[in-house]
Structures are given as structure tokens and as C-alpha cells.
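Good morning, colleagues. Today I would like to introduce a structure that is new to most of this group, beginning with one term that we shall need.

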Amino acid sequence: MSNSQAHAAPRIHPLMNDQKLKLGVFGMNCSNGLIISEAPTTFEMTWQQALQIVTKADQMGFEIALPLGRWRGFGGKTNFNGTSFETYTFAAAMAQATKNIGVFATSHVSTVHPVVAAKQAATIDHISGGRFGINLVMGWFRPEMEMFGGSMREHDLRYAYGDEWLDIVQRIWSTDEPFDHEGQFFQLKGVQGDPKPLQQRPCLINAGTSGAGMDFAAKNVDFAFASVDKVENIKKFMAVKDIARSKYHRNVGVCASALVIARDSEDEAHAVYQSILEHGDWVAAKNMMAVLGIESQSFNERLAKSQEKFVAGYGTNALIGTPRQIVEQLQVYSEQGLQGVVLYFLDYVKELDYFDQKIMPLLREAGLRH
Ligand SMILES: Cc1cc2nc3c(=O)[nH]c(=O)nc-3n(C[C@H](O)[C@H](O)[C@H](O)COP(=O)(O)O)c2cc1C
């Protein structure tokens with residue numbers, strides 16, 4: 001296909017479909033996934049399992065397979081997330097193995113040159129037939145970012161860097177003429193890149209929650225991902241839509257992530273949550289919270305509670321209960337304005353299967369999926 005043909009008929013990414021609540025699977029490329037615990041599970045970070053998880057999600061009609069971008073672990077007895085697959089190569093392989101799901105790379109922008117990223121993205125977009133997307137992350141885990149030389153930039157400057165990085169990538173995707181770039185962070189000559197992606201531009205997402213992060217998302221991405229610690233806080237994050245409309249004259253969708261613990265009875269589901277806490281790797285959780293600056297608060301009940309939330313899902317609200325209760329909670333998410341949720345599980349293979357059998361029919365009944 002020539003470039004002009006690719007431009008003439010851009011592909012539509014799965015995340016742009018008309019499902020009321022888009023679904024994804026998240027974190028399956030890292031050891032321990034998103035659960036900082038040694039609670040019993042058959043999950044192992046192997047290629048075989050990752051493939052099984054993503055192909056299952058594809059068969060279930062999910063829109064997004066989202067790997068976590070991670071370069072080192074958080075210590076503790078599990079060295080949480082210490083083993084992980086690199087996400088562009090992961091997405092390329094998943095693209096070949098699946099039919100309909102959107103395949104994403106999670107790209108720490110400062111770890112990959114924009115000329116390389118633009119070409120990797122275009123390549124995976126071709127492999128996937130226009131199903132590729134990038135989760136743009138600026139980095140916050142200092143020891144991880146220091147592995148790449150120098151020191152981590154100050155918070156808002158990281159977003160300024162990301163903005164310039166993305167301008168270059170998007171210009172490569174959209175212009176046929178070579179160009180020079182003179183910016184704050186990059187000085188480049190005769191930049192070009194072909195082929196162009198099959199999509200007009202690969203789907204872009206970001207999960208910034210700070211002022212600079214939300215501004216970046218409002219300006220640049222298709223979907224902003226909210227960090228939902230409490231349902232009541234979802235509405236606050238919807239401000240990203242107002243910023244997009246008023247400042248950048250564009251629309252941005254909003255999604256979130258969630259740990260799902262679904263069992264036949266409520267008691268069973270809560271017992272699994274307790275088991276995650278009982279087997280928690282509190283040292284790794286503390287290390288992560290220290291990096292995030294939470295350590296500076298005095299130790300109180302709130303901190304203990306947030307530490308629980310870190311052990312059971314990176315600080316995010318967990319959806320716990322029977323299949324019907326999970327659907328009720330997802331209904332509330334949808335009513336709050338969320339257009340999609342990327343899910344993670346203690347035991348991905350088993351629980352995705354359960355989700356398929358017990359929860360998907362109820363989501364259809366509730367009108368969240370068709
Ligand atoms: C759904 C979701 C996925 C994320 N994925 C990653 C990731 O893979 N790697 C990473 O370093 N940070 C990840 N983050 C962190 C965000 O990119 C962001 O840094 C964080 O939400 C803090 O916002 P801020 O950068 O505006 O302060 C993720 C956050 C969310 C909610």
C-alpha cells in the first residue's frame with residue numbers, strides 16, 4: 001500500500017468503537033502484575049501466560065491490551081515488578097497473535113528517541129492492521145529513570161519534554177517532506193520516517209493526574225486514564241475534558257483501571273482480598289510509596305489504608321464481589337462518565353475465563369456492552 005492510500009483510508013482503532021464501556025486487560029507483562037503480594041495464584045510472568053491472557057481478551061472482544069512500562073523492581077521479598085517484558089516488542093508480537101484487540105506499548109518517553117519510537121509505532125501499526133496505540137508515560141520512579149543516564153527531570157519539565165517528543169513523532173507520522181527540528185530538548189536534521197502508520201495516528205493514551213499531566217492529556221491524547229482511588233473522585237478527573245474543550249478545542253475520552261475480584265459469593269471475594277493483604281509484600285509497597293512521596297505523611301489510619309490499596313492494586317480502587325455486584329460497580333463507573341476500564345486480576349488466566357462466563361453476559365444485560 002502506498003503512503004497516499006494509507007492516508008486516504010485511515011483505520012479506526014478498536015478503542016474508538018461504540019461499546020458503552022470499553023474493556024482492557026492491564027499489567028500482564030510484569031512479575032506479580034499489579035498486586036504487591038504473594039497471595040496464591042497460578043499467574044507467572046511468562047510469554048506463554050501473557051499470550052494466553054491477551055488472546056483470551058481478544059476473543060472476549062476487549063478493546064485494549066495494556067502492558068506496564070517497567071525497567072526495574074521495587075525490592076521487598078518479591079522484588080515487585082522486577083521481571084518484565086519490554087512493551088513495544090511485546091505489542092508487536094501480540095499484534096501478530098490477535099485479531100481485533102488494540103495492542104499498546106507503554107512508552108517512557110525519555111527512554112526512546114522519538115525517531116525510533118515513530119518507526120516502531122508505524123511498524124507495529126502495520127503488523128496489527130491499524131490496532132496499535134501508545135500509553136505515554138513521563139516516568140516517576142527515579143532509580144528506574146536514572147538507569148538511562150543523568151537525573152530525572154523536575155515533574156512539569158518531564159511533561160514539556162513529552163510534549164516536544166510527541167510533536168516530533170506526530171510530525172514524522174504525518175509529513176512526507178524531511179524536516180529539521182530546533183527545540184528545547186531536541187535538535188534534529190532532515191527527519192523523515194516511512195511507512196506512515198495505517199491509522200491517521202496510532203491511538204494515544206496517558207494517565208497524568210497532576211495539573212501538567214492533565215494538560216498534556218487534554219492537549220494530546222485520545223483517552224486520559226484516571227487514577228481512581230475512590231469512586232467519589234472520578235468526577236474531579238473529568239476536568240480533563242473541560243481543559244481539552246476550552247483550551248485545545250478538542251475532545252478527550254476518559255477511562256480508568258481497576259483490580260477485579262469476582263467470586264460466586266461476596267464472602268469468597270472478600271476472603272481473596274484479605275488473602276492479598278495477608279500475603280502482602282509490605283516492604284515493596286512501602287518502597288513504591290516512598291518513591292511517590294507518600295512516605296512524607298505521618299503514619300496514620302489513612303496511610304495504612306492507602307498502603308492496603310497499594311498492595312492490592314497500585315493504589316487503585318478495587319471492584320470486589322459477585323458478578324452482579326461487579327457489574328453494578330462498573331455501571332457506577334460508567335454513570336460517572338468513564339468510557340472504559342482496563343482490568344487486572346490476581347490470577348489472570350482463571351479470572352478472565354470467569355469474567356467471560358459470568359460477567360460478560362451481565363454487562364450485556366446492563367447495556368454496557370453489546
Ligand atoms: C492506568 C494507568 C497506567 C499507568 N501506567 C504506567 C506505567 O506503565 N509506567 C509508569 O511508570 N507509570 C504508569 N502510570 C503512571 C502515570 O503515567 C502517571 O505518572 C501517574 O498517574 C502520576 O501522574 P502525574 O505524572 O501527572 O503526576 C500509569 C497510571 C495509570 C492510572
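A residue is called buried when its relative accessible area is under 20%, exposed when it is over 50%, and partly exposed in between. By that rule D353, with a relative accessible area of 33%, is partly exposed. Please keep in mind that this is a predicted model.

Let me stay with D353 and turn to its partner. The side chain of D353 meets that of K56 in a salt bridge, at 3.2 Å from N to O. This pair links distant parts of the chain: D353 belongs to helix 14, residues 348-365, and K56 to helix 2, residues 47-59, with their positions 297 residues apart. Is K56 buried or exposed? K56 has a relative accessible area of 18%, so it counts as buried.

The structure holds 13 salt bridges, and I shall describe two others. E351 pairs with R263, their closest N and O atoms lying 3.2 Å apart. Here, too, distant parts of the chain are linked, since E351 is in helix 14 while R263 is in the loop between strand 9 (253-262) and helix 10 (266-278), 88 residues apart. Both E351 and R263 are buried. Salt bridges with shared partners also join K56, D353 and D356 into one network.

The other pair is D215 and K247, whose side chains meet at 2.8 Å, N to O. D215 lies in helix 7 (residues 211-220) and K247 in helix 9 (residues 239-248), so this salt bridge ties together parts that are 32 residues apart in sequence. D215 is partly exposed, at 21% relative accessible area, and K247 is partly exposed as well, at 48%.

I now come to the ligand. How many residues surround it? There are 19, and the closest are G69, H155, Y159, A207 and S210. Of the residues in this shell, seven are nonpolar, eleven polar and one charged. Three side chains place an N or O atom by a ligand oxygen: S210 at 2.5 Å, Y159 at 2.6 Å and H108 at 2.9 Å. The protein covers 86% of the 620 Å² of accessible area that the ligand has on its own. Strand 3 (102-108), strand 4 (132-137) and helix 6 (155-174) each give two or more residues to the shell.

Finally, the surface. W71, M147 and F148 make a nonpolar patch of about 290 Å². W71 sits in the loop between strand 2 (64-66) and helix 3 (87-97), and is partly exposed at 34% relative accessible area.

Terms used: Residues numbered from 1 in each chain as written. Predicted model: local features only at pLDDT ≥ 70, side-chain atom pairs only at ≥ 80, totals over all residues. Heavy atoms only, no water. Near = heavy atom within 4 Å. Polar contact = N/O pair within 3.5 Å; in protein donor to acceptor, adjacent residues only side chain to side chain. Areas by Shrake-Rupley, 256 points an atom, 1.4 Å probe, with all protein chains shown as cover. Helix = DSSP H or I, 4+ residues; strand = E, 2+ residues; numbered from the N terminus. Nonpolar A, V, L, I, M, F, W, Y, C, P; charged D, E, K, R; others polar. Patch = residues over 30% accessible without salt bridge, like charges linked within 9 Å, V, L, I, M, F, W, Y side chains within 5 Å. Salt bridge = Lys/Arg side-chain N within 4 Å of Asp/Glu carboxyl O. Buried < 20%, exposed > 50% of the residue type's maximum accessible area, 1.4 Å probe, protein only.
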